[in-house]
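Reader: I am a first-year student, and I should be grateful for a close look at a single part of this structure, namely its charged residues. Please explain where they are placed and how they relate to the rest of the chain.

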Amino acid sequence: MAEIARLNGSSDWIDLGFVERERTPEPAMMLGIRSHVAGLSLSNTVDLLEDLGVDRSRKAIHDWVQKADLQPEPGKSPNQIAIDETVIRINDQQFWLYAAGDPARNELLHIRLFSTTTTALTEIFLRELQQKHDIETAEFLVDGAQHLQTALQRAGLRFQISRHGNRNTIERIFRELKRRTSSFSNCFSHVEPETAENWLQSFARWHNASN
């Protein structure tokens, strides 16, 4: 299986505190979560576990990822923050993925999924980012999107317009995310937006742990 080559790494970032009377060995659960978050489809993750003698369904693996509630770790103090959005499709509907990253560490700081993109929603995203990290003295790197600039101004946060350089961190992460989700045809089908957002946040935690 070609995907296996990119699944190596530690599982220390996965907290199995949600497990109650689970019949699957914890190392197998961690491998299943890590593999699916890294971009392996549910069907291929089932096959991977079967090769190890663990017989679990697609739903079981899906539930592990959802219950683990993986998100980027809070408490960071970045000097710069790159912020951007990209389109994600869920059940043939368009959603906007907001992401903020630390260019110096190539880490995602916060990630959210919204049904549209407005100044008000950007302000919500920034408030959540402020609650999770120390960003008061950080410089934000944004493109020419006016709603991003307006929201940052209203929040009293410094920013500069940058279409290259360190702001490309978010573009690289978006490209990586879409490559990882190639087994989903770059979209999510037959899921609720909350489920897709949970997977995307789990991807962010995996991405940070894999740096």
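Author:

**Charged residues and their surroundings**

On the surface, a patch of negative charge is made up of Asp47, Glu50, Asp51 and Asp55. The model is a predicted one, and the values below are computed from it. Within the patch, Glu50 belongs to helix α2, which covers residues 42-51. Glu50 has a relative accessible area of 41% and is therefore partly exposed, because values between 20% and 50% fall in that class.

A word on the setting is useful before the charged pairs are taken up. The protein contains seven helices and six strands. Read from the N terminus, the order of these elements is α-α-α-β-β-β-α-β-α-β-α-β-α. The protein has 211 residues, of which 51% count as buried. About 10,300 Å² of the protein is exposed, and 44% of this area comes from carbon and sulfur atoms.

Charges of opposite sign may also pair with one another. Six salt bridges are found in the whole structure, and three of them may be described in turn.

The first to consider joins the side chains of Lys59 and Asp63, with a distance of 2.7 Å from N to O. Both residues lie in helix α3 (residues 58-68), and because they are four residues apart there, about one helical turn separates them. Lys59 has a relative accessibility of 57% and so counts as exposed, since the class of exposed residues begins over 50%.

The next salt bridge is formed by Glu73 and Arg205, whose closest N and O atoms are 3.7 Å apart. This pair links distant parts of the chain: Glu73 is in the loop between α3 and β1 (80-90), Arg205 is in helix α7, and their positions lie 132 residues apart in the count along the chain. The two partners also fall into separate classes of accessibility. Glu73 is partly exposed, at 47% relative accessibility, whereas Arg205, at 16%, is buried. The value for Arg205 places this residue in the buried class because the cut-off is under 20%.

The third salt bridge brings together the side chains of Arg112 and Glu128, at 2.5 Å from N to O. Here too distant parts of the chain are linked, with Arg112 in strand β3 (residues 107-114), Glu128 in helix α4 (residues 119-132), and a separation of 16 residues. Arg112 is buried, its relative accessible area being 18%. Moreover, Arg112, Glu128 and Glu197 form one network, joined by salt bridges that share partners.

The loop between α3 and β1, which was named above for Glu73, also holds Asp69. Asp69 has a relative accessibility of 46% and is partly exposed. Its C-alpha atom is 9.2 Å from that of Ile14, although 55 residues separate Asp69 and Ile14 along the chain.

Helix α7, in which Arg205 was placed, leads to a further group of residues. His207 also lies in this helix, which spans residues 193-210. With a relative accessible area of 8%, His207 is buried. Leaving aside residues up to four places away in sequence, His207 touches Asn106, Leu108 and Ile173.

Of these contacts, Asn106 deserves some attention. Asn106 is found in the loop between β2 (93-102) and β3. Its phi angle is near 55°, which is a positive value in a residue other than glycine. At 26% relative accessibility, Asn106 is partly exposed.

The segment after α7 contains Asn211. Apart from residues up to four places away in sequence, Asn211 touches Arg105, Asn106 and Glu107. Asn106 is thus in contact with Asn211 as well as with His207. Between Asn211 and Arg105 the C-alpha to C-alpha distance is 8.1 Å, while their separation in sequence is 106 residues.

These pairings may be set beside a figure for the protein as a whole. Among its contacts with a separation of 6 or more, 59% are between residues 24 or more positions apart. The salt bridge of Glu73 with Arg205, at 132 residues apart, is one link between distant parts of the chain.

Technical notes. Residues are numbered from 1 along each chain as its sequence is written. This is a predicted model: local features need pLDDT of at least 70, side-chain atom pairs count only at pLDDT 80 or more; totals for chains, interfaces and linings use all residues. Side-chain values use heavy atoms; hydrogens and water are left out. Patches are made of residues with over 30% relative accessible area and no salt bridge: like charges are joined within 9 Å, nonpolar side chains (Val, Leu, Ile, Met, Phe, Trp, Tyr) within 5 Å. Accessible areas come from the Shrake-Rupley method with a 1.4 Å probe; for residues, only the protein chains shown count as cover. A salt bridge is a side-chain nitrogen of Lys or Arg within 4 Å of a carboxyl oxygen of Asp or Glu. Lys and Arg count as positive and Asp and Glu as negative; His and the chain ends are not counted. The place of a charge is taken as NZ of Lys, CZ of Arg, CG of Asp or CD of Glu. Helices (H or I, at least four residues) and strands (E, at least two) are DSSP runs, numbered from the N terminus. Buried means under 20% relative accessible area, exposed over 50%, partly exposed in between (1.4 Å probe, protein chains only). Contact means heavy atoms within 4.5 Å.
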